[in-house]
Each structure stands twice: as structure tokens, then as C-alpha cells.
Amino acid sequence: MAKIKKIYVCNNCGANSPKWIGNCPSCNEWNTYHEEILMKSTPQEEKRNIWKGTNGRDPAPVALAEIKAGETRRLITPDDELNRVLGGGIVSGSLVLIGGQPGIGKSTLMLQVALSVPVKILYVSGEESEEQIKMRADRLGKLQSNCFILTETNTSKILSHAKSLDPDLLIIDSIQTLSSPHLDSTPGSVSQIRDCTAELQRFAKETNIPVFIIGHITKDGAIAGPKILEHIVDAVLQFEGDRNYTYRILRTIKNRFGSTDEMGIYEMQANGLREVSNPSEILLSQNEEELSGSAVAATMEGMRPMLIETQALVSTAVYGTPQRTATGFDLRRLSMLLAVLEKRMGFPFGQNDVFLNIAGGIKVDDPAIDLAIVASLISSLQDVSIPSDTCFAGEVGLSGEIRAVNRVEQRIQEADRLGFKQIFISKYNLKGLDISRFSIDIFTLGKVEELYRNLFQ
Ligand code: TYD
Ligand code: MG
């Protein structure tokens, strides 16, 4: 007989102790300890279990070359962006976590998948009633008869329903609402989340049914939750975007079955999420006029080239301390670029307010966007517009040097395809590059001063 042992676990940081403590010694929070039950095997059972492999056989070392790799079965969904992010479809028996801030569209995305994949699906919701889900489904406009809804939060009941229904895909919305009957801590606590995920993982591996888990995270990741289960699941996808804009990005944070460089782009519309297969065209503003302060960057998001418009507004500071505001770009990096321009070229940014905006509310991490930002800053400061058929790809270093960026060919190709006439890149990118392949004019730069001479003088 297995023996039941109780321990106390901190809701906030996951630390544990054999007895209840009021103030957690590891994270200093008060009143966060909750009881958790551990099943402990008796010494006889342990002796019997210790040499058993997963299916009762004794595992012995096997040469890697002799192991036959089983063909991973994948369920290809009609959603190409999701397939791409998952590395080519949903792998059977995989456990996938979709994290994101509340209200970003996780439930919508999953319900859309549930309604469009022509297999049997069980959608478990602990957040919405059946009627609410039905209303949402009507709004999405697609209805398939093989989608079953279950509004339940008890993990054991969910899994027993899932076993009897035997769906091809199980969706859990959300992990924070689930509770395991074996624990008496509240739903959403660390021990509940960890325990329920472990149960779902066991279910996925035993039945080979893929399971999607939705998890909420707050902006600063303060509430413990999905973070602690990232190592349990097979793939972690993050759904992100600015709520004031309609674009959403689905990123891969971890994937045991594919690359983490992939990402998918969606647009939130009145009738659900629409896949955006050609992001460049929407991220360039449709302005015919050439305005000062805007420049186009040839960036890469994961493996996909994307042309994005950057906009800067530089105006005389009214207060003593000039303001710096950036949307979609790291504010510290903006300060760094301003410092470089001030120090190397003597531009008086210290007396000006600077506002920077990346089109579409998309957050860009690619350092190759630096050159376009520098160009838009100078353009706004001098009130000289940059020709709209010009784009940029280069990283700016602390001494004002323009550094080489990765995958420059793909960037040039995308700019060429979209009809741009000239692109500015780093001169260090020229090595091994076959310029004659492109019809776009390629200008190379070594320092920011050269950018200024080429564009504004
Ligand atoms: P939801 O999927 O409920 O977010 P989450 O599950 O991540 O908390 O989506 C919330 C937002 O999406 C909501 O504010 C309304 C918007 N929305 C649309 O714009 N169009 C739609 O068709 C749907 C279903 C939702
Ligand atoms: Mg939701």
C-alpha cells in the first residue's frame, strides 16, 4: 500500500516544508503555504518499482544508432500559422502550453482550431459557460459537429470524460481554473497547477491524445503559474500583442518537436482571428506622401523576413528633462542610439523630446532595426523625408559603426520582392553576397556619418 505523506508548498515560489510556515523563508511572502499530498511507496514497493522501465521491462543501455526513430504522427490543422509554429502540425501525445495575457485571444484561437479541424475534439472550459462558448462559436462562423464542450474544473472528472469520449485532441481552458481532488489548495495555486499538468501529461502520454493547455500570465509574470510548468510540457507557445492593435503574434518559446525560431501572425477581427501570411504588406503604412520621421526596416522575425515601418517624432523639449517614449522598441536601446548620434555626430537630442513608434504595435527584438530607427530620428530632427522606396538593415554599435546582420540575403530579397528601390546595409555584410541577383540598389555603410551623408546632404 502506498503511504500518503503531506508537505506544505509555497503558492508564490514553490518552496516546500514539512510543516506549515506563516512567512516563506525563500520569497518572504506571508500566508502562502498550502498543503500538498505526496504518495509515498512502501520500501517493498520501492524495491519492486526501482528496476522497472516504463512498460514493465528492464531497460538496458542501447546504442543510439540501433534505436529506431518512430515516425512522429502529426495532425495538420487548417491553420498554417499554427502548423508552422508547432514545427509542422500537432504531434500525437504532445502536451502544449499556450501562454498569454488575459484577453489577448487565447480562447478564441483554440476554439477556432477546435471548430476547424475535422477530428473529434474535447474543449474543456473552466472559465466560460456552454452558452458563452456557443455564442463565441457562432461569432466565429464555423461549426463542426465533432466538437464537444465540457464545463468542468475537476481534473479527475475531466480525464474520465476524456477517456470515455476518446477525442483526437483535448483543449484545456485554462490551467488556472483546474483543481485536483487530491489536493486541498485553491485552483491556480502552484501545487494545483503542477499537479494538474502532471496528470494531463500522463494522460497525453498514455493515450497518445495531444493536449493543449491555456495558461494566463500577467505582464510582469508576477503570478506564479505557467512559468513553473514550462519544463513539464513539450512545447510552450506565447500569444502576444498590444491590446490596442489588432495584430497578434504566436511565438514558440520551447518546442521538443521543432524549431523555436518560428512565429505566426494573426489579425483579430470581429469574426475571429485571421491568419496573416504576408506580414510586410500590412506593416508598411499606406501613406502615399513622404513624411519626415519615417523609415522602413528590413527585419527578421524568427525565420521570416518582414518589412516594418518605424516612425520617430523629435520635438523641442518643453520641460527640463526631455521625454523619451517608445512603442514596440526597447527604451534603453533608444537612449543608446540617441547617445551615439549625439556623441558621434553632435545632434542636439538632449534638448528634444523623442517619440518612437513601430507600426502595428509589434514588438521587435531584431537588432537590424537600429539603422532604420537612426534614419527616422535624423529625418524627424532635420525635417527631411526619406524616399518611401528606401529601406534599412543594420545594427548600430556604440562607436557609431554599422554592424553586419544575419540573413541579409533574405532581407534584401524581401525588399526587392515588395518593390523597394534601395536598401542600406552594413559594408561588413557584403562578403560573399551576390549583388547581381537583385534588381534593388544596395548601398553599404560603415558608420552612421555615412548614412547622414548619403541620405540627408
Ligand atoms: P479571448 O479569446 O477571450 O482572450 P483570452 O482567452 O486570451 O483571455 O479574446 C478576448 C478578446 O478578443 C475580446 O476582448 C474580444 C476579442 N474578440 C474579437 O475581437 N473578435 C472575435 O471574434 C472574438 C471571439 C473575440
Ligand atoms: Mg479565455
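Visitor: How many aromatic pairs does a search of the whole structure find?

Guide: In this predicted model, a search of the whole structure finds six aromatic pairs. One of them is formed by Phe239 and Tyr266.

Visitor: What makes Phe239 and Tyr266 an aromatic pair, and why is the pair called edge-to-face?

Guide: The ring centres of Phe239 and Tyr266 are 6.0 Å apart, and rings count as a pair if their centres lie within 6.5 Å, so the two qualify. The angle between the planes is 80°, and planes over 60 degrees apart count as edge-to-face, which is therefore the name this pair receives.

Visitor: Why is the pair of Phe239 and Tyr266 said to tie together parts that are apart in sequence?

Guide: Phe239 belongs to strand β11 (residues 235-240), whereas Tyr266 belongs to strand β13 (residues 263-269), so the pair ties together parts that are 27 residues apart in sequence. Phe239 and Tyr266 are both buried, and the word buried stands for under 20% relative accessible area. Elsewhere, Phe347, Phe349, Tyr452 and Phe456 form one aromatic cluster.

Visitor: How do you know that Arg139 makes a polar contact with ligand 1?

Guide: A polar side-chain atom of Arg139 lies 3.2 Å from a nitrogen atom of ligand 1, and a polar contact is a pair of N or O atoms within 3.5 Å, so the distance satisfies the cut-off.

Visitor: What makes Gln269 and Gly272 partners of ligand 1 by the polar-contact cut-off?

Guide: In Gln269 a backbone N or O atom lies 2.7 Å from a nitrogen atom of ligand 1, while in Gly272 a polar backbone atom is 2.7 Å from an oxygen atom of the ligand. Both distances are within 3.5 Å, so each is a polar contact. Gln269 and Gly272 are also among the residues that come nearest to ligand 1, of the 15 around it, together with Gly103, Ser107 and Thr108.

Visitor: Why is the space lined by Leu86, Gly89 and Ile90, among others, called a cavity?

Guide: The name applies because a 1.4 Å probe fits there but cannot get out. The search of the whole structure finds two cavities of 30 Å³ or more, and the second largest, with a volume of about 40 Å³, has a lining that includes Leu86, Gly89, Ile90, Ala235 and Phe257.

Visitor: What makes Gly89 count as polar in that lining?

Guide: Gly is placed among the polar residues by definition, so Gly89 counts as polar in a lining of six nonpolar, three polar and no charged residues.

Terms used: Residues are numbered from 1 along each chain as its sequence is written. Chains are lettered from A and ligands numbered from 1 in the order in which they are written. This is a predicted model: local features need pLDDT of at least 70, side-chain atom pairs count only at pLDDT 80 or more; totals for chains, interfaces and linings use all residues. Side-chain values use heavy atoms; hydrogens and water are left out. On a 1 Å grid over the protein atoms alone, a cavity is a set of points where a 1.4 Å probe fits but cannot get out, and a pocket is an open set with protein on both sides within 12 Å along at least five of seven lines; lining residues have an atom within 4 Å of a point. Grid points are joined across faces, edges and corners, and a volume is the space filled by probe spheres set on the points. Rings of Phe, Tyr and Trp (its six-membered ring) pair if their centres lie within 6.5 Å; planes under 30 degrees apart count as stacked, over 60 as edge-to-face and the rest as tilted. Helices (H or I, at least four residues) and strands (E, at least two) are DSSP runs, numbered from the N terminus. Buried means under 20% relative accessible area, exposed over 50%, partly exposed in between (1.4 Å probe, protein chains only). A residue is near a molecule or strand if one of its heavy atoms lies within 4 Å of it. A polar contact is a pair of N or O atoms within 3.5 Å; within protein, one must be able to donate a hydrogen and the other to accept it, and residues adjacent in sequence count only if both atoms are side-chain atoms.
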